[in-house]
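The exercises below are meant to be worked through with the sequence and the 3D structure side by side. Try each task before reading its solution.

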Amino acid sequence: MFQTLYSYFWWERLWLPANLTWADLEDRDGRVYAKASDLYITLPLAFLFLVVRHLFETYVATPLAGLLNVKEKVRLKATPNAVLEKFYATTTKHPKQADVETLSKKSGCTVRQVERWFRRRRNQDRPSLLKKFREASWRFTFYLLAFIAGMAKPWFYDLREVWKGYPIQSMLPSQYWYYMIELSFYWSLLFSIASDVKRKDFKEQIIHHVATIILISFSWFANYIRAGTLIMALHDSSDYLLESAKMFNYAGWRNTCNNIFIVFAAVFIVTRLVILPFWIMHCTVVYPLDLYPAFFGYYFFNFMMVVLQSLHIFWAYLIIRMAQNESPPISFPLKVVEDERSDRDETDNSEEEEEAAKNGPLSNGHPVLNNNHRKTD
């Protein structure tokens, strides 16, 4: 049965145009072609990426955060309370008003104290500013290097070159490593997504990573390598700008963050909503039909492109919505970086007033410290 499923899965008509077989793509005369078995190496490479990332964040990103004066916010800790902790861990982190009143009776706290406890407890679980900075630094470094490598391909400037000689297109060593590294990186993102900073578009990120992995893998199987490198380079062109904007935002360089994010927004919209659908997808939908009749692989590849394009429209909508809602326009990047995809610490004016009454006047939400004595909650 396994052999039957294996035969159906690798049926040539699924992956290759008519009148072409796997034998036509066997290495010969010094010409090397993509093989499915090549992708096995991406899984151990993905775990190697996780190790390299840990070393990078520890020995590069952390010292860089110190140089840029990335400062952590002072967070008030929730007072230990077994009743509230059990409800928080097993039921919900956001209790309804009826739940708050019930918990108030069970815990012996007032309603306000219960609400404050949940706010502080949620803030405790939110990732630190340093964690966010380290993640952004890692992704910025990879996307920038990958974009530079992707721009070196000749078919980036002449889309007709993508299909020249297809499907009998031999593979260069640079193409092999570009594919292996890109695919391994996205596997590592998928493996670490549960422990990374959780953003509001968490589900969309999972869909994006899975769709990207499928698209890269399939393009390798079907020898769509030139089209695949083109698409990956196009995506990397704006991603490193977003990550650099986040880094400067976490460091408090607001004007620099704003300016970079404006560039990112422009590059994102031009590349993902103009170049990708009207140039790249035109290249993958129209040009191949001049060489061979449409087959399953042709339809599947372009279907996955449509999935990615749908995600691009969703993210572009978030960017444009923030640009419209915020005044003056120059400040909208911070709203996108902080609000649209990241959870921020919760604050409450009544709580600040209580802290002021207890600890004295507040400055930027924190007590003013006098006589070199630090006040604690």
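**Exercise 1.** Is asparagine 69 buried, partly exposed or exposed?

*Solution.* Begin with the cut-offs: a residue is buried under 20% relative accessible area, exposed over 50%, and partly exposed in between, with a 1.4 Å probe and protein chains only. Asparagine 69 has a relative accessible area of 45%, and therefore it is partly exposed. Next, find its place, which is in the loop between helix 3 and helix 4 (82-90); helices here are DSSP runs of H or I with at least four residues, strands are runs of E with at least two, and both are numbered from the N terminus. Finally, look at the backbone, where phi of asparagine 69 is near 60°, a positive value in a residue other than glycine. As background, most residues other than glycine have a negative phi.

Before going on, note that this is a predicted model, in which local features need pLDDT of at least 70 and side-chain atom pairs count only at pLDDT 80 or more, while totals for chains, interfaces and linings use all residues. Residues are numbered from 1 along each chain as its sequence is written, and side-chain values use heavy atoms, with hydrogens and water left out.

**Exercise 2.** Describe the place, the exposure and the contacts of asparagine 223.

*Solution.* First, asparagine 223 is in the loop between helix 9 (202-221) and helix 10 (225-250). Second, asparagine 223 counts as buried because its relative accessibility is 3%. Third, apart from neighbours within four places in sequence, asparagine 223 is in contact (heavy atoms within 4.5 Å) with Leu25, Tyr33, Ala34, Tyr166, Pro167 and Gln169. Fourth, phi of asparagine 223 is near 65°, which is again a positive value in a residue other than glycine.

**Exercise 3.** How do helix 3 and helix 7 cross, and which residues meet there?

*Solution.* Two packed helices are described by the angle between their axes and the distance between the axes. The axes of helix 3 (residues 42-67) and helix 7 (residues 129-150) come within 9 Å and cross at roughly 115°; axes are lines fitted to C-alpha atoms over the stretch in contact, and angles run from 0 to 180 degrees between N-to-C directions. The crossing is right-handed, meaning that the near helix is turned clockwise from the far one by less than a right angle. Among the residues that meet are Phe49, Val52 and Phe56 in helix 3, and Leu130, Phe133 and Trp138 in helix 7. The residues of this contact divide into 10 nonpolar, four polar and four charged, where Ala, Val, Leu, Ile, Met, Phe, Trp, Tyr, Cys and Pro count as nonpolar, Asp, Glu, Lys and Arg as charged, and the others, Gly among them, as polar.

**Exercise 4.** Which residues does phenylalanine 248 touch, not counting residues up to four places away in sequence?

*Solution.* Start from its place, which is in helix 10. With a relative accessible area of 22%, phenylalanine 248 is partly exposed. The residues that phenylalanine 248 touches, on this count, are Trp253, Thr256, Cys257 and Ile260. Its C-alpha atom is also separated by 8.7 Å from that of phenylalanine 133, although the two are 115 residues apart along the chain.

**Exercise 5.** Where does the pLDDT stay under 50?

*Solution.* Here pLDDT is the predictor's confidence in each residue, from 0 to 100. The mean for the protein chain is 80, and 84% of its residues reach 70 or more. Among the elements, helix 3 has the highest mean pLDDT (95) and strand 1 (residues 362-363) the lowest (36). The value stays under 50 over residues 326-341, and it is also below 50 over residues 349-377. Where pLDDT is low, the predicted coordinates should not be read in detail.
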